[in-house]
Amino acid sequence: AVDVEVVEEAPFRLRVPAQGDMRVDGVVFTSHELLPDPAEDGSLQQVVNVATLPGIVEASYAMPDVHWGYGFPIGGVAATDVERGGVVSPGGVGFDISCGVRLLTADLDRSELPIERVMDGLDRAVPRGAGSGAVWQLSGRAELERVLLGGSRYAVERGHGEDRDLERCEDGGVLAGADPGQVSARAVERGLEQVGSLGSGNHFLEVQAVDEVLDDVAAAAFGLAPGQVCVMIHTGSRGLGHQICTDHVRIMDRAMRAYGISVPDRQLACAPVESPEGRAYLGAMAAAANYGRANRQLLAEAASDVFERVTGQRLSLLYDVSHNLAKIEEHEIGGERRRLCVHRKGATRALPPGHPDLPPALRDAGQPVLIPGSMGTASYVLRGVVGGGAFHSTCHGAGRVQSRKQAARAITGGALRKRLEGQGIAVRGASARGLAEEAPEAYKDVDAVVAAAEGAGLCRAVARLVPLGVVKG
Ligand code: 5GP
Ligand code: MN
Ligand code: MN
């Protein structure tokens, strides 16, 4: 794993030339300093492994927040050509299907925010962790199917939000092609009691303030001003998405041989996009994506209700975007428009200014890209740029450098809570262990990661946000 050849071909652009079974090169948008230590983290080898997948085009990409993941690295982007035997792989999406981030803005300056009262309200209003319930309790498969087909749009139809919210969601809040028939009974069972809940660990709801505006024009278009209060929500498809990934990895693991596919790591189990197994996964994945989007919509409304009660102001949605998803998109490859299956795992789509998929209000500025850092450091709003790279993709966070276990060994939850409170960050409702596992030191330096993503030409920074209070799952 340590003998992967890496060539620095430009600043923040490392190339792993194709060798052995690799069909394309690996390209990692980072510096040597930000690259995880190959003795402890196999993500570079995973970039190499992904490059062997049938139908992969251009390169096996990794973002500056790259680190080890199941099969594919977290921070990886890989596209396959649908018409030329390209495969889809559940490991290229990850277990938390459509995990993503939503950012809401408040018409409030941080100096006028009663943060403790807001945090107490959020603490009561945001279900999280195992057994603490959810905004919705669904009666059975029939009701769940409406969520799986309708995503955020269904939540809005049921009174949780307004039509304007949907314009500010990737895909208008509902991913086409969901097939509830491909969702197992076990996944349904896990999904019934979790829609409208944060989950644990890395998932959070954070009150933040704009610390610095870095692109005046885009910030104005996004409605972001210095000192402004924001709410960032990071969660996904909970147990339902996890079960769907588990189920379909198993199905593909059994089916691969019949398609003559062999992969260097079983965790890369895959099937042609245009095969029964490929279509089944994409249908189930879209269902999970819609579940994840409804989940974020319900939590955003719960947070907005708290803000209205405490401050008299509701929250307004800037954008909602997934960072774990495979999508069928058209891109130009070698001068030809091709239909690709673009896997983004721990990577965010970043559409450039002018892109037709953007709503009119965002078209001139480009797509907002939402980058959480950690509960004790900055987070960012970025935007897509013309040109860009990796099929219009960029990073999704700071990226882990310590495992949960390592982090929990390095600090106690109590000590961390005290330190955060000393920094003026209010903390609500995480277990001591859960808190320690998410210590800021467990993550890369988000400022350096964003600088690398910008330096590589993948995106532009629009605003830097700092935490005021965090509700941890
Ligand atoms: P992932 O989706 O890979 O679990 O997490 C995305 C990113 O969220 C991580 O790479 C990390 O940078 C960031 N993150 C994790 N916990 C927190 C938190 O409590 N607050 C903020 N702002 N970011 C976090
Ligand atoms: Mn997640
Ligand atoms: Mn995530």
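**Exercise 1. The whole chain**

How many helices and strands are there in the chain? Then work out how the size of the chain compares with the globule rule.

*Solution.* Keep in mind that you are looking at a predicted model.
- Step 1: Count the elements: the chain has 13 helices and 19 strands.
- Step 2: Take the radius of gyration, which is 21 Å, and set it beside the 23 Å that the globule rule gives for 473 residues. The two values are close, so the chain is as compact as a globular protein of that length.
- Step 3: Look at the outline. Along the principal axes, the C-alpha atoms fill a box of roughly 60 × 50 × 45 Å.
- Step 4: Turn to the inside. Of the 473 residues, 58% count as buried. Among contacts with a separation of 6 or more, 78% join residues 24 or more positions apart.

**Exercise 2. Helix 1 and its surroundings**

Find out which residues of helix 1 are buried, and which strands they pack against.

*Solution.*
- Step 1: Locate helix 1 at residues 43-50.
- Step 2: List its buried residues: S43, L44, Q45, Q46, V47, V48, N49 and V50. That is eight of eight, so helix 1 is largely enclosed by the rest of the structure.
- Step 3: Name the partners. These buried residues pack against strand 2 (13-16), strand 3 (25-28), strand 4 (59-67) and strand 5 (74-81).

**Exercise 3. Two positive phi angles**

Decide whether E58 and S98 are buried, partly exposed or exposed.

*Solution.*
- Step 1: Start with E58, in the loop between helix 1 and strand 4. Its phi is near 65°, a positive value in a residue other than glycine.
- Step 2: Count neighbours. E58 has 19 C-beta neighbours inside 10 Å, and a residue needs 20 or more to be buried, so E58 counts as partly exposed.
- Step 3: Move to S98, in the loop between strand 6 (87-88) and strand 7 (100-109). S98 is not a glycine either, yet has a positive phi of about 60°.
- Step 4: With 29 other C-beta atoms within 10 Å, S98 is buried.

**Exercise 4. A helix pair**

How do helix 7 and helix 8 run, roughly parallel or roughly antiparallel?

*Solution.*
- Step 1: Find helix 7 (residues 238-255) and helix 8 (residues 276-311); their axes come within 9 Å and cross at roughly 170°.
- Step 2: Angles over 145 degrees count as roughly antiparallel, and the two helices are therefore roughly antiparallel to each other.
- Step 3: Pick out the contact residues. Helix 7 contributes several, including L240, I244, H248 and I251, while those of helix 8 include A280, A284, A288 and Y291.
- Step 4: Sort the contact by class: 11 nonpolar, four polar and two charged residues.

**Exercise 5. A residue in helix 10**

Which residues does A408 touch, leaving out those up to four places away in sequence?

*Solution.*
- Step 1: Place A408 in helix 10 (residues 404-410).
- Step 2: A408 has 20 C-beta neighbours inside 10 Å, so A408 counts as buried.
- Step 3: The residues touched are R433, A436 and E437.
- Step 4: Compare sequence with space: A408 and L435 are 27 residues apart in sequence, and their C-alpha atoms are 8.3 Å apart.

**Exercise 6. Around ligand 1**

Which residues come nearest to ligand 1?

*Solution.*
- Step 1: Of the 21 residues around ligand 1, the nearest are N202, P372, M375, G397 and A398.
- Step 2: Strand 8 (204-213) and strand 19 (460-472) each supply at least two residues of the shell.
- Step 3: By class, the shell divides into eight nonpolar, nine polar and four charged residues.

Notes: Residues numbered from 1 in each chain as written. Chains lettered and ligands numbered in written order. Predicted model: local features only at pLDDT ≥ 70, side-chain atom pairs only at ≥ 80, totals over all residues. Near = placed C-beta within 6 Å. Helix = DSSP H or I, 4+ residues; strand = E, 2+ residues; numbered from the N terminus. Nonpolar A, V, L, I, M, F, W, Y, C, P; charged D, E, K, R; others polar. Axes fitted to C-alpha atoms, helices over the stretch in contact; angles between N-to-C directions. Parallel < 35°, antiparallel > 145°, perpendicular 65-115°, else oblique. Contact = placed C-beta atoms within 7 Å. Buried ≥ 20, exposed ≤ 12 C-beta atoms within 10 Å, placed from the backbone. Rg over C-alpha atoms; globule rule 2.2 N^0.38 Å.
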